[in-house]
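Morning, everyone. Please take a look at the structure on the screen. I'll talk you through the sheet and a helix pair.

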Amino acid sequence: MKSAEKVVAYFYDEEIGNYCYGGGNPMRPHRARMCYSLVDSYGLTKKMMVQRPRPREFEELTDFHADDYINFLRGVTPNTVDENMMQLRRFNMGIAGEADCPVFDGMYEYCQTYSGGSVDGAAQLASGNAEIAFNWSGGMHHAKKAEASGFCYVNDIVMAILELLKTHARVLYVDIDIHHGDGVEEAFYLTDRVMTVSFHKYGEFFPGTGALDDIGYGKGKYYTVNVPLKDGMDDDSYKLLYEPIMQKVMEMYQPGAIVMCCGADSLSGDRLGCFNLSLEGHSNCLEFLARFNVPMLILGGGGYTLRNVARCWCYETGRMMGIDLPDVLPEKALDEYNMYLDTQRLRIAVSNMKNANERPELEQIKTAVLAYLSQLPPVPSAQMAYVPPAAGRDKPTDGLPEEDPDVRGGGQAHDEVRRVRDGDESDGEEGTGRGGFGEHTNPTAAAGAAVAGGRVFMRFTPDGQPEARPVDGQAAAGGDAMVVDGVGAARPAAVPAPAVTGPGPAAAVPVAVPDVAQPVVDGGAVPAAAVAAAMAAAVAAGAAPDLMTVRQTPELAQAAAGLPAGLQPVSEPPQ
């Protein structure tokens, strides 16, 4: 399949650019916003699925990270750092301006967002709904299980790989950031189900790991590959190592999916980096692996000269879509940000810095790595085991899909699936009557209604026929009468009612139907047959109502008679 034909998903949340590490920290989340602006200016967003990621919840973040660490990230704020100094030292964090990993406003939400993009991207690759997924705000490869490191708090890469492992027996991780991908390597150092390959600066350089002879241990021996390099690495020298090594890796390992950390700090002129790669040389690493037609998750990483980071990631987005972007930047990009006025071009020039990587040394490194790879056993397989449910959004229509992420609230597609609780309606939403319940998608065989939150929900087709609605929760005994006690509470009629104080729940405002009174029944129990008859009468009168609202009195509702077989109670989602 040609690159241009591949289905591409792009994950981006416009709020990501609002977070700031503070204190002159070189890490700027704003670069992801700049990259999206360039991508959109070139018209690439019209040729791929652009989606806002679903933020990861506490339980999902702890699939890899320690509970106490994530709990600390969730609770600490810049106003409480003084009383948490011991915890800060324990988790390798500090005060803004004094630490690589400072506590800043919105830190936890920032971690939830960028990790959500990576896991959602992995889920779409695993489900086959996309062949390439981008999350340029991700790539935090230094974070450990219970420790922040190198501007990284939550290791979204590990979480994404764990998601891919639910579907694929083997996953390949490739890191072309100038820093060693120590957090990901450490997570999978003992397994053969993930091979980690890192090309990085080594020797008196953060994080100080990634020696040539670090090759894994135990079952994971030879499944860790490290390529240590020196200052001034240029395109030709990088290609001399990269292509033969990765060709051998693909032949020996045959992964089902590839995850890449594409830190742009290996580019020429980076604020913290010391390599001399061009955009073409950096992008060649992605393009070479794309030729193997293996699903790829492409993440960000380092990069501290913002205008070059945005240029690089935009250029690589185009190249992975089979598009060679014009060098002259669109007027729209120049109007939005003036950071490209240095050249007003997409591509960057390399410097004349000396390449400290001598050809004989590079040949020795290549020979050593290939020798390690030649000792790999036959392609490892995975035992059959229970597969956990997908944690990410495996379809673009699930969760919060985006037609235009710049539209506040997520655009029309978001509005169609969003859920509004009674009393939470904003202007123009009064009377939605959704009551915190989402749209149902899988109809049951017999149920035509469901008791939910004190209401009977019923949908009719335009021709007046009732449409079967699925229900959630545990099934009631077939045909048993049900008692609605309150919002989201339903019980068999034979079960005693609990003690109740105060008035019953307020009902949602019914959906308006022109010229036809919306059927509303007040007070106590309502037989399902009577509800259906009232709805059918409304349809016969020319209306096509969608909801039937049953208001309750403060007293407990009596048993409803004649409910159809298969009716199940629905519980209100926890607040």
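Contact here means heavy atoms within 4.5 Å of each other. Keep in mind that this is a predicted model.

Let's begin with the helix pair. Which residues of α1 meet α10? They are His30, Arg31, Met34, Cys35, Leu38 and Val39. On the α10 side, they meet Leu306, Arg307, Val309, Ala310, Arg311, Trp313, Cys314 and Thr317. By type, the residues of this contact divide into nine nonpolar, two polar and three charged.

Now the geometry. Two packed helices are described by the angle between their axes and the distance between the axes. Helix α1 covers residues 30–41, and helix α10 covers residues 306–320. The angle is about 45 degrees, and the axes lie 8 Å apart. The two helices are therefore oblique to each other. The crossing of α1 past α10 is right-handed.

On to the sheet. It is open, with eight strands. The order reads β2-β1-β3-β8-β7-β4-β5-β6, and the pairing is parallel. Which strands stand at the edges? Those are β2, residues 49–51, and β6, residues 224–229. Each has a single partner strand, so one side of each is left without a neighbour in the sheet. On average, neighbouring strands are turned by 15 degrees against each other, direction ignored.

Zoom in on one pair. Strand β3, residues 132–135, joins strand β8, residues 296–299, over four parallel bridges. Phe134 has Ile298 in β8 as its bridge partner.

Last, helix α8, residues 235–253, packs on this sheet. Helix α8 touches β4, β5, β6 and β7. Its direction makes about 175 degrees with that of β5.

Definitions and conventions. Residues are numbered from 1 along each chain as its sequence is written. This is a predicted model: local features need pLDDT of at least 70, side-chain atom pairs count only at pLDDT 80 or more; totals for chains, interfaces and linings use all residues. Side-chain values use heavy atoms; hydrogens and water are left out. Two strands pair if DSSP finds at least two bridges between them. Axes are lines fitted to C-alpha atoms, for helices over the stretch in contact, and angles run from 0 to 180 degrees between N-to-C directions. Angles under 35 degrees count as roughly parallel, over 145 as roughly antiparallel, 65 to 115 as roughly perpendicular and the rest as oblique. A crossing is left-handed if the near helix is turned anticlockwise from the far one by less than a right angle, and right-handed if clockwise. Ala, Val, Leu, Ile, Met, Phe, Trp, Tyr, Cys and Pro count as nonpolar, Asp, Glu, Lys and Arg as charged, and the others, Gly among them, as polar.
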